[in-house]
Amino acid sequence: MRPYRILYHVTALLVAFLFLAPIAIVVLASFRTPAESGQPPLPPWPIEGASIDSYVRLDGFGASLLQHTGNSLYVALGTTILTVLVSVLAGYGFSRFRFPLKPMIFVLILATIMVPFQSILTPLFLLLASLGLQNTLTGLVLIYTTLQLPFSVFMMRNAFDAVPKEIEEAARIDGVRDLRMLVYVMGPLVLPGIVTVGLFAFLNAWNEFLAALVLLTDQSKYTLPVLMTSVRSGRFGSVDWGAVQAGVTVMMIPCLILFLILQRHYIRGLTAGAVK
Amino acid sequence: MTAISEIAARQEVAGLELRGITKAFGQVEVLHGIDLSVRGGEFVVFVGPSGCGKSTLLRLIAGLEEVTDGDILISGHDVTDDDPSVRGIAMVFQSYALYPHMSVAQNMGFGLKMAHRPKEEVARKVNAAADVLQLTPLLDRRPGQLSGGQRQRVAIGRAIVRDPQVFLFDEPLSNLDAELRVEMRMEIARLHRELGNTMIYVTHDQTEAMTLADKIVVLRDGRVEQTGTPAQLYDDPGNVFVAGFIGSPKMNLFPATLRDGAVHIGEDSWPLPSSLRPKENEGAKIVAGVRPEHMRLAGQEEPALPFTVTFPEFLGGTTLLHGHVAGDIPCVIEVERDVSAEMGAVLQITANPGDLRLFDIHGQRLR
């Protein structure tokens, strides 16, 4: 029994090290001095004293670090709110209401996952242009939400399906209907689903690169991933590795915080409806 | 004023009337014209095998399903098209259907809160109901922290707080273990006695039906087979189905022939006193029913059936003997515990002619 347990822990530690090492390397390297930042990556930690110089230089790219982080937050939060709003309503509808062609419409929504979104970037761009939303963060929010919805609607329908019908019926006898039902009774019960959908929407919007690169032409509107490419390609052809590490670190922070806060709900959301 | 009398004092006892209720799901009609009249304060139990439509009927009364045809009246008002919340009903579900994210107190007061009643009133009613059901120490708990019996009590408490004219119970005890079921059964009987409300109770368990009901409604395939007090249904079943459904173990049913003023089962016969002879043709095929507890070992000179024991079941006070008569007609008899019968033994059994219940070949009672 004991050797088995030791083996188990050693394996777990190795796997954890494998996953954590790149993150640790990036974070440590971002605190190297400018002279050191061009050195080979190993050992990753700063040798001649830590410095936040990389972050200062990162701030020099584009408008300002604050501005680009703000852009990213606007896009990610906007996408999250809109996705949650639409997918909760749609999931509730698909789960609990009867309407003609329901199964077909649902499959149609799911089928859009099969279309690689890169292939429809041009029509999306034209569509946004005709709406006057090209080169705006709001336009980007609309596109991200659209891409996020099929999966989210699917998730939310499953979450609502997992709520026993009797609870809704008890609430109807208690005099609750429609929107109040959603807010007071169903909403709290599908919270894990909402958290999962919101988290996915936030992370995907936060990290998305291609659509942002194509649709945003104004440098002051760049989101962090787009900013990072301009950092990556460097000024005058030279790559500022220190600034790249700093940028990656900055980009990781909100994702980590969100995930740590919400992971309990998130895991419950993914498994909801799997059993029972 | 005690909590129970405070709750009971506000009730005006309301009756319920169903007129020609039909219900179809798509093309399939599951209820075929149910007529029923329930007096105020009556405890009515709908009983029947699964799929007989008893739950559907209850859901129609609750307003959770729409009737296809017919009218529902609660204390004289037509509520057929009313929302469940304004019908003056409260329902207790089999799965309890508590709101998992609310405390016991919030669960019980939710209906009143949604009706925008003052906080003090909600608190007062919740406390009164909690007092009646001994839930006061649990008011701050969540349903997830309660046992099955406690959850069911909360569900009943939620119903009481609504001040309903009619209580509806949908198999409320099915999810409980045997011991708790007996306990909750007595609890519900006590509530009915103390509150005096009209209660409609759905179950497939005929013991629950017998012990709780003022009136039992036996349903089969969407039709009312018979309505009556538990004793009426037990002593005087109107047809073979009710005879077989009410009572445990089931009534023995023997295919028989009516000839020479006697009931012939296989080779053997039971003479009927003239007062008990049905007006049926000589030689008519009938079904003769006798309850196991009315069968006994025959004395000398008595008309008797030879009964082959296949399986004795010792119950403590009495023994049930499973076996068959006249070839392979299955039969169960209840005998004193000191009657020893081995497997394969052949006993002479009989019953008083007055305990025979005769049915025609279509299953209708012959009187």
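Analyst: Let's start with vocabulary: helices (H or I, at least four residues) and strands (E, at least two) are DSSP runs, numbered from the N terminus. This is a predicted model, in which local features need pLDDT of at least 70 and side-chain atom pairs count only at pLDDT 80 or more, while totals for chains, interfaces and linings use all residues. Residues are numbered from 1 along each chain as its sequence is written, and chains are lettered from A and ligands numbered from 1 in the order in which they are written.

User: Which residues of chain A does UniProt list as "transmembrane region"?

Analyst: UniProt positions use the numbering applied here, with shortened feature names, and annotations may be inferred rather than shown by experiment. The unreviewed entry lists residues 7–31, 73–94, 106–129, 141–160, 181–206 and 241–262 of chain A. Residues 241–262 of chain A are 100% helix and 0% strand, with end C-alpha atoms 32 Å apart. For residues 106–129 of chain A, the figures are 62% helix, 0% strand and 29 Å between the end C-alpha atoms.

User: How many residues does each chain give to the contact?

Analyst: Residues are in contact if their C-beta atoms, placed from the backbone, lie within 7 Å. Chain A gives 13 residues and chain B gives 16 residues. On the chain A side, helix 8 (165–173) and helix 9 (178–189) each supply at least two residues. Helix 8 of chain A has the largest share, six residues. By type, the chain A side has eight nonpolar, one polar and four charged residues. Here Ala, Val, Leu, Ile, Met, Phe, Trp, Tyr, Cys and Pro are nonpolar, Asp, Glu, Lys and Arg are charged, and the others, Gly among them, are polar.

User: In what order do the five strands of the open sheet in chain B run?

Analyst: Strands of a sheet pair through backbone hydrogen bonds, either parallel or antiparallel. Two strands count as paired if DSSP finds at least two bridges between them. In chain B the order is 13-12-11-14-20, with antiparallel pairing. Strand 13 (268–271) and strand 20 (357–360) of chain B are at the edges with a single partner strand each, so one side of each lacks a neighbour in the sheet. Strand 11 (residues 252–259) and strand 14 (residues 284–290) of chain B share seven antiparallel bridges. B:Asn252 has B:Val290 in strand 14 as its bridge partner.

User: Where do the domains of chain B begin and end?

Analyst: Domain bounds come from an automatic or database domain assignment. For chain B, domain 1 covers 3–244 and domain 2 covers 249–360. Their centres, taken over C-alpha atoms, are 39 Å apart. Five residues of domain 1 of chain B contact seven residues of domain 2 of chain B.

Notes
Two residues are in contact if their C-beta atoms, placed from the backbone, lie within 7 Å.
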